[in-house]
Amino acid sequence: MPKPSKHIFVCAQTRPPGHPRGSCGQLGSTAVFQTFMQQFEAGQLYGQFALTSTGCLGTCDLGPTVLVYPEGVMYSKVSPADVAEIIEEHLKNDRPVERLLAPAALWS
């Protein structure tokens, strides 16, 4: 298996309805992950990049969240319509999608 140049983590955390933290699952992360999977398959990207659904990334109120490594770039409020742009701009061209970046204060 070739080493991927980037690894994409999509939060898939779900919590019961009414939970005070909410969850990316309640905000549509399943559709975001499925869209990444479809586009990875269509573009034959598995091998260049890795894709993983994950538990809570800690930004429940900003979900769905997507984290890209090795850069450590976090995207917030990602929708399925944003996936193609993340793939084209960030994964393929090394330009993070500014409009989707999570607030910098999350990392301090």
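Here are four short exercises, with worked solutions, on the predicted model shown above.

**Exercise 1. Work out the order of the secondary structure elements and judge how compact the protein chain is.**

Let's begin with the inventory: the protein chain has two helices and four strands. Reading from the N terminus, these elements follow the order β-α-β-β-β-α. Next comes the radius of gyration, which is 13 Å for the protein chain; the globule rule gives 13 Å for 108 residues, so the chain is as compact as a globular protein of that length. To add the dimensions, the C-alpha trace spans about 40 × 30 × 25 Å along its principal axes.

**Exercise 2. Describe the contacts, the surface and the charges of the whole protein chain.**

Start with the contacts whose separation is 6 or more: 61% of them join residues 24 or more positions apart. Then look at burial, where 38% of the 108 residues count as buried. The accessible surface comes to about 5900 Å², and carbon and sulfur atoms hold 54% of that. Finally, take the 8 positive and 9 negative charges: their mean positions lie 6 Å apart.

**Exercise 3. Find the residues that touch the most other members of the largest nonpolar core, and trace the contacts of F36.**

The largest nonpolar core has 20 residues, and those touching the most other members are I8, V10, F36, F40, V66 and Y75. Two or more core residues come from each of β1 (6-11), α1 (29-42), β2 (49-54), β3 (66-69), β4 (73-75) and α2 (83-92). Now pick out F36 and set aside residues up to four places away in sequence: what remains is contact with I8, V10, L51, V66, V83, I86 and I87.

**Exercise 4. Decide whether T35 and T59 are buried or exposed, and list their contacts beyond four places in sequence.**

The cut-off needed here is that buried means under 20% relative accessible area. Take T35, a residue of helix α1. Its relative accessibility is 12%, so T35 counts as buried. Beyond its neighbours within four places in sequence, T35 contacts P80 and V83. For a distance check, compare T35 with D82: 47 residues separate them in sequence, while their C-alpha atoms are 9.4 Å apart.

Now turn to T59, which sits in the loop between β2 and β3. At 6% relative accessibility, T59 is buried because this value falls under the cut-off. With neighbours within four places again left out, the contacts of T59 are T65, M74 and L106.

Conventions:
Residues numbered from 1 in each chain as written. Predicted model: local features only at pLDDT ≥ 70, side-chain atom pairs only at ≥ 80, totals over all residues. Heavy atoms only, no water. Rg over C-alpha atoms; globule rule 2.2 N^0.38 Å. Buried < 20%, exposed > 50% of the residue type's maximum accessible area, 1.4 Å probe, protein only. Contact = heavy atoms within 4.5 Å. Areas by Shrake-Rupley, 256 points an atom, 1.4 Å probe, with all protein chains shown as cover. Lys, Arg positive; Asp, Glu negative; His and termini not counted. Charge placed at Lys NZ, Arg CZ, Asp CG, Glu CD. Core = buried A, V, L, I, M, F, W, Y, C linked by side-chain atoms within 4.5 Å.
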